[in-house]
Every structure is written in C-alpha cells, then in structure tokens.
Amino acid sequence: GQLEPPPKVGFRGTLVDGYEDVSWFGHGPHESYWDRHQSAWVGRHSGKILHQTFKYLRPQENGNKFATRWMALSPSSRTL
C-alpha cells in the first residue's frame, strides 16, 4: 500500500512588543539552505526581524539561516 506523507512540523510564535532586532552566528546575511549556502559566509550577522523574510509570489518557506549556531532576539536599537 501507499505510505502516508510525513507530518509537517513547524514553529509559530509571537514576540513581546518592542523586539525588532535579531543577531545570529551562522551562514548569512541572506537566507541560506542546505543546497544553497555557499554564497553565505559563516560569521556573526544582525538585522531587523522583519527583513529576514521575503514575500515570494507563491507562499513558501523563506528566511532560513543554514547551520545557525545561536540566535538572539532583542528590543529595537532605535534611539529617539
């Protein structure tokens, strides 16, 4: 018989207001995947959380950072 496809596993969360920055150690600064990570260098990267995704025409996975060793979310670094 036919095997059922494996279940999809994901993560969904919300952030406390004011958290807008992300920094990580791994491939970056652009998105990277197991089959497309050689153009992304390993190092410490940072940016705005909202800038880590891309609104493709067809909804799909995006914003991945291949082989990330650590990640930190932090409040906005904006000053008034």
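Here is a quick tour of the chain, from its overall build down to a few residues worth finding in the viewer. Keep in mind that this is a predicted model. The chain has 3 strands and 0 helices, so if you read along from the N terminus, the order is simply β-β-β. After the overall picture, we'll look at a salt bridge, a buried histidine and a nonpolar patch on the surface.

**The overall build**

- Start by zooming out: the C-alpha atoms fill a box of roughly 65 × 30 × 25 Å along the principal axes.
- The radius of gyration is 16 Å, whereas a compact globule of 80 residues would come in near 12 Å.
- Of the chain's 80 residues, 21% count as buried.
- The accessible surface adds up to about 7,200 Å², and carbon and sulfur atoms own 59% of that.
- Take the contacts between residues at least 6 apart in sequence: 68% of them join residues at least 24 apart.

**The salt bridge**

- The structure holds 1 salt bridge, and its partners are K48 and D21.
- The closest N and O atoms of K48 and D21 sit 2.7 Å apart.
- What does this pair tie together? K48 belongs to strand β2 (residues 41-48) and D21 to strand β1, so the bridge links parts of the chain that are 27 residues apart in sequence.
- The general idea is easy to remember: side chains of opposite charge can pair when their charged atoms come close.
- Are the two partners buried or exposed? D21 counts as buried because its relative accessibility is 9%, under the 20% cut-off.
- K48, with a relative accessible area of 25%, is partly exposed.

**A buried histidine in β1**

- Next, find H27, which sits in strand β1.
- H27 is buried, as its relative accessible area is just 10%.
- Which backbone oxygen lies 2.9 Å from a polar atom of the H27 side chain? That one belongs to A40.
- The backbone oxygen of H37 also lines up with the H27 side chain, 3.5 Å from a polar atom there.
- Leaving out residues up to four places away in sequence, H27 touches S32, H37, A40, W41, V42, H45, K65, F66 and A67.
- So H37 and A40 turn up twice in this story: they are on the list of residues that H27 touches, and their backbone oxygens are the ones described above.

**A nonpolar patch on the surface**

- Now look at the outside, where L15, V16, Y19, M71 and L73 make a nonpolar surface patch of about 470 Å².
- V16, one of the patch members, lies in the segment before β1 (19-28).
- V16 counts as exposed because its relative accessibility is 60%, and the cut-off for exposed is over 50%.
- M71, another patch member, is found in strand β3 (residues 70-75).
- M71 is exposed too, with a relative accessibility of 55%.
- Which residues does M71 touch, once those up to four places away in sequence are set aside? They are V22, S23 and W24.
- M71 and F25 are 46 residues apart along the chain, but their C-alpha atoms are separated by 6.7 Å.

Notes: Residues are numbered from 1 along each chain as its sequence is written. This is a predicted model: local features need pLDDT of at least 70, side-chain atom pairs count only at pLDDT 80 or more; totals for chains, interfaces and linings use all residues. Side-chain values use heavy atoms; hydrogens and water are left out. Patches are made of residues with over 30% relative accessible area and no salt bridge: like charges are joined within 9 Å, nonpolar side chains (Val, Leu, Ile, Met, Phe, Trp, Tyr) within 5 Å. Accessible areas come from the Shrake-Rupley method with a 1.4 Å probe; for residues, only the protein chains shown count as cover. A salt bridge is a side-chain nitrogen of Lys or Arg within 4 Å of a carboxyl oxygen of Asp or Glu. Helices (H or I, at least four residues) and strands (E, at least two) are DSSP runs, numbered from the N terminus. Buried means under 20% relative accessible area, exposed over 50%, partly exposed in between (1.4 Å probe, protein chains only). The radius of gyration is taken over C-alpha atoms; the globule rule is 2.2 Å times the number of residues to the power 0.38. Contact means heavy atoms within 4.5 Å. A polar contact is a pair of N or O atoms within 3.5 Å; within protein, one must be able to donate a hydrogen and the other to accept it, and residues adjacent in sequence count only if both atoms are side-chain atoms.
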